[in-house]
Amino acid sequence: MRYIIENIHLLKRQRLKKTSILIEDNRIELLKDKFHSYQYMRMDGSPYIMTPTTVMLDNQVKQMNSSTQQKKYIEENLINKGCTTFLFYIEVKRERELALQLKKINSQLLNCAIDYVAAVKIPLSLLSPSFVRMCKREKVPVLFIEIEDIKALYQIPWGWIKEALFPYNAPLVPIFLAKDEQEKKMAQNIWSSLMRDVKIPSIPHEIKEGMPVDYSDLAKIGIYPFKGNVYQGGEVTYNLVAYDESIINIEENDLFLYHYDRIQMTIHKGKCIRAGAKVYYRPGYGELLEVKVPSFLTI
């Protein structure tokens, strides 16, 4: 089925642009100013602002013990806030646990209604070439590294780690177990400087739990531009917000934090999963996003 959304106000990376969108078989075929000669069903988008749905780090979903708890949490904390993809990490203490943990979490999320990306969190002491190669085989797109002693960073064989990461190049993300903010800031500066010197794909800061992940971080992980984006050739996934002069200059993150109650509709892969206050939960409609090439795009 083909149809056109006309004159929609597309908010993308803090820029608002009036455009029209041709959609076919749940794919965005074309974005342009007008479709004058096309004889397809048309929808008037002028009363709305269209935004990409958010991608956020959330480690609570995997802790839900039942499908009922999982459904309730996802509806209230993700879908209601315009989120259709979440990133989470599994905690691994030994190398041999990795494959089993990934298999277990995939089974646990079989009834998930939105898409998800599985990462791994390890203590710095477990970061080794052999573990990195194992993550590469399992297509783990990002490794969260728990850092307690910043001096221990200088004991890691970074040359071997860099070699083991190539060519998949999953970025490393720090989690600082610092005692206070000053110590954390110092640790972040050392981490950022060291990663730059050793030229390893990395994110220079922590990713905050329960918050939308920045576009630049999503790009390093390889989630963007495929998720959190409205683009030609992409899936039909977006939020609709009533057009209002007071929010035309709003950032997408502010919309998520303070104005999610303004979302009129959330479309996920061509299906309406929220209309007003009503959530249409589709068990199993979500799927694991396999990141083919992390760190391939810099924005």
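Which backbone oxygen lies 2.7 Å from a polar atom of the side chain of Arg-274? In this predicted model, that atom is the backbone oxygen of Asn-80.

**A buried arginine**

Arg-274 belongs to strand β13, which covers residues 271-275. Although Arg-274 is buried, the residue has no salt bridge, and the nearest side chain of opposite charge, that of Asp-261, is 7.4 Å away. Because a salt bridge is counted only when a side-chain nitrogen of Lys or Arg lies within 4 Å of a carboxyl oxygen of Asp or Glu, the separation of 7.4 Å from Asp-261 does not qualify. Backbone oxygens are nevertheless within reach of this side chain: besides the oxygen of Asn-80 at 2.7 Å, the side chain of Arg-274 reaches the backbone oxygen of Ile-263 at 3.4 Å.

When its neighbours within four places in sequence are left aside, Arg-274 is in contact with residues that include Ile-79, Asn-80 and Lys-81, as well as Tyr-260, Asp-261, Ile-263, Gln-264, Met-265 and Thr-266. Val-279 and Tyr-280 are also among the contacts of Arg-274.

**Backbone geometry in the loops**

Most residues other than glycine have a negative phi, and most peptide bonds are trans. The table gives residues and bonds of this model that depart from that pattern.

| Residue or bond | Backbone value |
|---|---|
| Phe-166 to Pro-167 | cis, omega near 5° |
| Tyr-224 to Pro-225 | cis, omega near 15° |
| Lys-139 | phi near 60° |
| Asn-169 | phi near 60° |

Pro-167 is placed in the loop between α4 (158-165) and β10 (172-176), and Asn-169, with its positive phi, is likewise found in the loop between α4 and β10. The other cis bond listed, from Tyr-224 to Pro-225, leads into a proline in the loop between α6 (215-221) and β11 (238-242). Lys-139, for its part, sits in the loop between α3 (129-137) and β9 (143-147), and its relative accessibility is 35%, so that Lys-139 counts as partly exposed.

**A nonpolar surface patch**

On the surface, Phe-226, Val-293 and Phe-296 form a nonpolar patch, and together these residues have about 280 Å² of accessible area. Val-293 is found in the segment after β14 (278-279), and this valine counts as partly exposed because its relative accessibility is 41%.

Key:
Residues are numbered from 1 along each chain as its sequence is written. This is a predicted model: local features need pLDDT of at least 70, side-chain atom pairs count only at pLDDT 80 or more; totals for chains, interfaces and linings use all residues. Side-chain values use heavy atoms; hydrogens and water are left out. Helices (H or I, at least four residues) and strands (E, at least two) are DSSP runs, numbered from the N terminus. Buried means under 20% relative accessible area, exposed over 50%, partly exposed in between (1.4 Å probe, protein chains only). Lys and Arg count as positive and Asp and Glu as negative; His and the chain ends are not counted. A polar contact is a pair of N or O atoms within 3.5 Å; within protein, one must be able to donate a hydrogen and the other to accept it, and residues adjacent in sequence count only if both atoms are side-chain atoms. Contact means heavy atoms within 4.5 Å. Patches are made of residues with over 30% relative accessible area and no salt bridge: like charges are joined within 9 Å, nonpolar side chains (Val, Leu, Ile, Met, Phe, Trp, Tyr) within 5 Å. Accessible areas come from the Shrake-Rupley method with a 1.4 Å probe; for residues, only the protein chains shown count as cover.
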